[in-house]
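Here is a short report for someone meeting this structure for the first time. Please keep the sequence and the 3D view open while reading.

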Amino acid sequence: MPSPSVVTVHLILGSTVSMVVPARVVESGEDGLLLWVAPGTPLWRATIPPGTHLRDLPPEGSYPLRADRWRHGGALILQPAGAGHAVWWSFTMEQEFRSWYVNLESRVHSPDGADVHVTDQELDITVTPDRAWEWKDEDSFAAKTGHPVYWTPAEAAAIRTEGIRVTHLIDSATYPFDGTWCDFRPPESWPLPELPPLGTPEAEPGEGA
Ligand SMILES: [Mg+2]
């Protein structure tokens, strides 16, 4: 696969695109991708009523994308090749490491490598800097299990198993939870990516997890 310097990440929950965000490639190889989302990055975000979250809204609703920006500190995103999860390092606006986040997901890369479609599997794991971890959104994960736009009970069991596999890495302080990248500072020469055009072709299945 070619290696672009910016990859557009399409985050999808059920049948809805929740966010389209361009991320700079920090590392790319057979092990997977490491991406950087800088504070202020222009992005597309699903329009939902104030104070709500997409996970709590009906999947058949219409949530058109609107231009917005990344309104938090930056994030590093590790997408290990072939794995059913990503690991996010969250940083403060002052670029201090804040926490890890394990997002259970499946991914499909576009043939040119410029886009990755990430289907969220709702269940997540939050991890503090001292590696105390907790499942997140278990109730919503259970409520969605068996719904046709989400996952079957068998798939839910596999998603949970993938999460448990990652908790063993956390508990043993094994990469990527060994402190690697916690001191990450993006080079000042990196400009913010541009707002990606919408209407990119759907990724073709067959690659990624
Ligand atoms: Mg998630």
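The report below covers confidence, the metal site, the empty spaces and some backbone details.

**Confidence**

This is a predicted model. The protein chain averages a pLDDT of 93. Of its residues, 94% score at least 70. One stretch falls short: over residues 200–209, pLDDT stays under 50. For that stretch the model has 23 contacts beyond four places in sequence. Where pLDDT is low, the predicted coordinates should not be read in detail.

**The metal site**

The model holds a magnesium ion, coordinated by Asn103 through OD1, by Asp120 through two OD entries and by Asp124 through OD. The coordination distances run from 2.1 to 2.7 Å. Along the chain, the donors follow the spacing N-x16-D-x3-D. Asn103 lies in strand 8 (residues 97–109) and Asp120 in strand 9 (residues 115–127), so the pair ties together parts that are 17 residues apart in sequence. Asn103 and Asp120 are both buried.

**The largest pocket**

Rolling a probe the size of a water molecule over the atoms shows where empty space is left. The largest pocket has a volume of about 890 Å³. It is lined by 29 residues, and the closest to its centre are Leu11, Met19, His53, Trp70 and Tyr101. Several strands take part. Strand 1 (6–13), strand 2 (16–29), strand 4 (42–46), strand 7 (85–91), strand 8 and strand 9 each supply at least two lining residues. Strand 8 gives the most, with 5 residues. Strands 8 and 9 also carry Asn103 and Asp120, respectively, of the metal site.

**The largest cavity**

How many cavities of 30 Å³ or more are there? The count comes to 1. The largest cavity has a volume of about 30 Å³. Its lining consists of Leu13, Thr16, Leu54, Leu57, Pro58, Pro59, Tyr63 and Tyr150. None of these lining residues is charged.

The table sets out the two linings by class.

| Space | Volume | Nonpolar | Polar | Charged |
|---|---|---|---|---|
| Largest pocket | about 890 Å³ | 13 residues | 8 residues | 8 residues |
| Largest cavity | about 30 Å³ | 7 residues | 1 residue | no residues |

**A residue in a loop**

Glu60 lies in the loop between strand 4 and strand 5 (65–69). Is Glu60 buried or exposed? Glu60 is exposed, because its relative accessible area of 66% is over the 50% cut-off. Glu60 and Thr16 are 44 residues apart in sequence. In space, their C-alpha atoms are 8.3 Å apart. Thr16 is also one of the residues that line the largest cavity.

**Backbone details**

Two residues other than glycine with a positive phi deserve a look. Gln95 has a phi near 65 degrees. Gln95 sits in the loop between strand 7 and strand 8. With a relative accessible area of 11%, Gln95 falls under the 20% cut-off and therefore counts as buried.

Ala173 has a phi near 50 degrees. Ala173 belongs to the segment after helix 2. Its relative accessible area is 32%, between the cut-offs of 20% and 50%, so Ala173 is partly exposed.

Which bond joins Tyr175 and Pro176? It is a cis peptide bond, with omega at about 10 degrees. Pro176 is found in the segment after helix 2 (153–171). Ala173 lies in that segment too.

How values were computed. Residues are numbered from 1 along each chain as its sequence is written. This is a predicted model: local features need pLDDT of at least 70, side-chain atom pairs count only at pLDDT 80 or more; totals for chains, interfaces and linings use all residues. Side-chain values use heavy atoms; hydrogens and water are left out. On a 1 Å grid over the protein atoms alone, a cavity is a set of points where a 1.4 Å probe fits but cannot get out, and a pocket is an open set with protein on both sides within 12 Å along at least five of seven lines; lining residues have an atom within 4 Å of a point. Grid points are joined across faces, edges and corners, and a volume is the space filled by probe spheres set on the points. Ala, Val, Leu, Ile, Met, Phe, Trp, Tyr, Cys and Pro count as nonpolar, Asp, Glu, Lys and Arg as charged, and the others, Gly among them, as polar. pLDDT is the predictor's confidence in each residue, from 0 to 100. Contact means heavy atoms within 4.5 Å. Donors are N, O and S atoms within 2.8 Å of the metal (3.2 Å for Na, K and Ca); water is not among the atoms, so sites may look incomplete. Helices (H or I, at least four residues) and strands (E, at least two) are DSSP runs, numbered from the N terminus. Buried means under 20% relative accessible area, exposed over 50%, partly exposed in between (1.4 Å probe, protein chains only).
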